[in-house]
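Here is a short report on one protein chain. It moves from the overall fold to the core, the aromatic pairs and the surface.

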Amino acid sequence: MMTTDLPHTIKTEAQPNIPALIVLYDGQCSFCNGATQWIIARDRTAKVSYAAIEGELGQLLIQQFNIPSNVDSLICIDNNKAYLYSSGAIRVTKYLDGAWKLFYLLTIIPTFIRNPVYRFIAKNRYRWFGKQQSCLLPTPEIRRRFLD
């Protein structure tokens, strides 16, 4: 099933039929791009769509969900609700194939414990993993999942 076939969509004036499950990621971050590729490999039924935070759609969604522009996080938008920091990363696992869904159980750990770990990694990700110098050249099937 392709993301354009999803029954639940986010409605915006600029783009009326945006899939209901979107991961917004830092397109310049090697770690974020790696995480996106990791999700793609474990989402064989193509439930998740993607948009770069820096892109037009990413900025539109950040504005629509009143997310501060300085938020340093992968953002998961799921059925008209934005999940940030560790909650966003964990939320995505709910839709992955196989045993990866079990990582959703990490939501039982309070955010005051999860988020400092997430923020520490986010703060150091460019230093540890670098910035992207080139883009992934996805197959046409995977390319349809990228919304920008």
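## Burial and the model

A residue counts as buried when its relative accessible area is under 20%, and as exposed when that area is over 50%; partly exposed lies in between. Tyr118 has a relative accessible area of 18%, so Tyr118 is buried. The model shown is predicted.

## Overall fold

The protein chain holds five helices and six strands. Read from the N terminus, the order of elements is β-β-β-α-β-α-β-β-α-α-α.

The chain has 148 residues, and 41% of them count as buried. Its accessible surface is about 8600 Å². Carbon and sulfur atoms account for 60% of that surface. Contacts reach far along the sequence: among those between residues at least 6 apart, 63% join residues at least 24 apart.

## The nonpolar core

The largest nonpolar core has 31 residues. Which of them touch the most other members? They are Leu24, Tyr50, Leu61 and Ile75.

Both strands and helices supply this core. The strands that give two or more residues are β3 (21-25), β4 (49-52) and β5 (75-78). The helices that do so are α1 (30-41), α2 (56-64), α3 and α4. Strand β3 provides the largest share, five residues.

## Aromatic pairs

How many aromatic pairs does the count come to? The answer is three. Take Trp38 and Trp100. Their ring centres lie 4.8 Å apart. Edge-to-face requires planes over 60 degrees apart; these planes stand at 80°, so the pair is edge-to-face. Trp38 belongs to helix α1, while Trp100 sits in the loop between α3 and α4. The two are 62 residues apart, so the pair links distant parts of the chain. Trp38 has a relative accessible area of 31%, which makes it partly exposed.

Tyr85 and Tyr118 also pair edge-to-face, with 6.1 Å from centre to centre and 80° between the planes. This pair, too, links distant parts of the chain. Tyr85 is in helix α3 and Tyr118 in helix α4, 33 residues apart. At 17% relative accessibility, Tyr85 counts as buried. Tyr118, at 18%, is buried as well.

## Around Trp100

Trp100 is in the loop between α3 (85-93) and α4 (111-129). Is Trp100 buried, partly exposed or exposed? Its relative accessibility is 32%, so Trp100 counts as partly exposed.

Which residues does Trp100 contact, leaving aside neighbours within four places in sequence? They are Trp38, Arg42 and Thr93. Arg42 is 58 residues away from Trp100 in sequence, yet their C-alpha atoms are 7.9 Å apart. Trp100 also joins Trp38 and Phe103 in one aromatic cluster.

## A nonpolar surface patch

Trp38, Trp100 and Phe103 appear again on the surface. There they form a nonpolar patch together with Leu106, Ile108, Ile109, Phe112 and Ile113. The patch has about 790 Å² of accessible area in total.

Phe112 lies in helix α4. Is Phe112 buried or exposed? With a relative accessible area of 64%, Phe112 is exposed. Tyr118 is also in helix α4, but Tyr118 is buried at 18%.

Conventions:
Residues numbered from 1 in each chain as written. Predicted model: local features only at pLDDT ≥ 70, side-chain atom pairs only at ≥ 80, totals over all residues. Heavy atoms only, no water. Helix = DSSP H or I, 4+ residues; strand = E, 2+ residues; numbered from the N terminus. Buried < 20%, exposed > 50% of the residue type's maximum accessible area, 1.4 Å probe, protein only. Contact = heavy atoms within 4.5 Å. Core = buried A, V, L, I, M, F, W, Y, C linked by side-chain atoms within 4.5 Å. Patch = residues over 30% accessible without salt bridge, like charges linked within 9 Å, V, L, I, M, F, W, Y side chains within 5 Å. Areas by Shrake-Rupley, 256 points an atom, 1.4 Å probe, with all protein chains shown as cover. Salt bridge = Lys/Arg side-chain N within 4 Å of Asp/Glu carboxyl O. Phe/Tyr/Trp six-rings, centres within 6.5 Å; stacked < 30°, edge-to-face > 60°.
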